[in-house]
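Me: Could you take a close look at the aromatic rings in this structure for me, and then show how they sit in the rest of the chain? I work with models every day, so please keep the numbers in.

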Amino acid sequence: SSAIPTQLGQLGRMTSGFWLCSNALSSTIPTQLGQLDKMRIKFYLQSNTLSSAIPTQLGQLGRMTSGFWLCSNALSSTIPTQLGQLDKMRIKFYLQSNTLSSAIPTQ
């Protein structure tokens, strides 16, 4: 198992297809992935062993319309209110199968 390289946040022109699912990745989600602010579809980190809190910086992916999958990891803490900035999301926003606590943010 290994961590997600922080340098992947430098793929600033990427608009779709960030797939790192089912790889036995561990550690935390790098805050630098919030720099992928041109992403529109298919941001997939599911089925790894990523832990700790969801970075608030992922709220910067505000152009996302579908396919935001952080499910089936070991993420904990609360759902950051910044994810509410993904207000263009229409389908496939998955956080299940983690150990997240608290209610879904309303703001």
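**The aromatic pairs and their surroundings**

Reply: Happy to. There are six aromatic pairs in the structure. One of them joins Phe43 and Phe68, whose rings are stacked, with 5.6 Å from centre to centre and 10° between the planes. This pair links distant parts of the chain, since Phe43 belongs to strand S3 (residues 41-44) and Phe68 to strand S5, 25 residues apart. Please keep in mind that the model is predicted.

How covered are these two rings? Phe43 has a relative accessibility of 0%, so the residue counts as buried. Phe68 is buried as well, because its relative accessible area is 0%, and the cut-off for that label is under 20%.

Tyr44 and Trp69 form a further aromatic pair, this one tilted, with 4.8 Å between the centres and 45° between the planes. Here too the pair links distant parts of the chain: Tyr44 sits in strand S3 and Trp69 in strand S5, 25 residues apart. Tyr44 counts as buried, because its relative accessibility is 7%.

Looking beyond single pairs, Phe18, Phe43, Phe68 and Phe93 come together as one aromatic cluster.

Now follow the chain on from strand S5. The loop between S5 and strand S6 (74-78) holds Asn73. With 11% relative accessible area, Asn73 is buried. A polar atom of the Asn73 side chain lies 3.1 Å from the backbone oxygen of Leu70. Leaving aside residues up to four places away in sequence, Asn73 touches Leu45, Gln46, Ser47, Asn48, Thr49, Leu50, Ser97 and Asn98.

Cys71 is also worth a look. This residue is buried, with a relative accessible area of 6%. Why does Cys71 have no bond to the closest cysteine sulfur? That sulfur belongs to Cys21 and is 9.1 Å from the sulfur of Cys71, which is too far for a bond; a disulfide needs the two sulfur atoms within 2.5 Å. The count of disulfides accordingly comes to zero.

On the other side of strand S5, the loop that runs between strand S4 (49-52) and strand S5 (66-69) contains Gly62. Gly62 counts as buried, because its relative accessibility is 16%. Its contacts, not counting residues up to four places away in sequence, are Gln85, Leu86, Asp87 and Lys88. Measured out from C-alpha to C-alpha, Gly62 and Thr28 are 21 Å apart in space, with their positions 34 residues apart in sequence.Finally, the whole protein. Its secondary structure comes to zero helices and eight strands, and along the sequence the pattern reads β-β-β-β-β-β-β-β. The radius of gyration is 12 Å, close to the 13 Å that the globule rule gives for 107 residues, so the protein is as compact as a globular protein of that length. The C-alpha trace spans about 30 × 30 × 20 Å along its principal axes. Of the 107 residues, 37% count as buried. Among contacts with a separation of 6 or more, 68% come from residues 24 or more positions apart. The protein exposes about 5700 Å², and carbon and sulfur atoms supply 50% of that area.

Note on methods:
Residues numbered from 1 in each chain as written. Predicted model: local features only at pLDDT ≥ 70, side-chain atom pairs only at ≥ 80, totals over all residues. Heavy atoms only, no water. Helix = DSSP H or I, 4+ residues; strand = E, 2+ residues; numbered from the N terminus. Buried < 20%, exposed > 50% of the residue type's maximum accessible area, 1.4 Å probe, protein only. Contact = heavy atoms within 4.5 Å. Phe/Tyr/Trp six-rings, centres within 6.5 Å; stacked < 30°, edge-to-face > 60°. Polar contact = N/O pair within 3.5 Å; in protein donor to acceptor, adjacent residues only side chain to side chain. Rg over C-alpha atoms; globule rule 2.2 N^0.38 Å. Areas by Shrake-Rupley, 256 points an atom, 1.4 Å probe, with all protein chains shown as cover.
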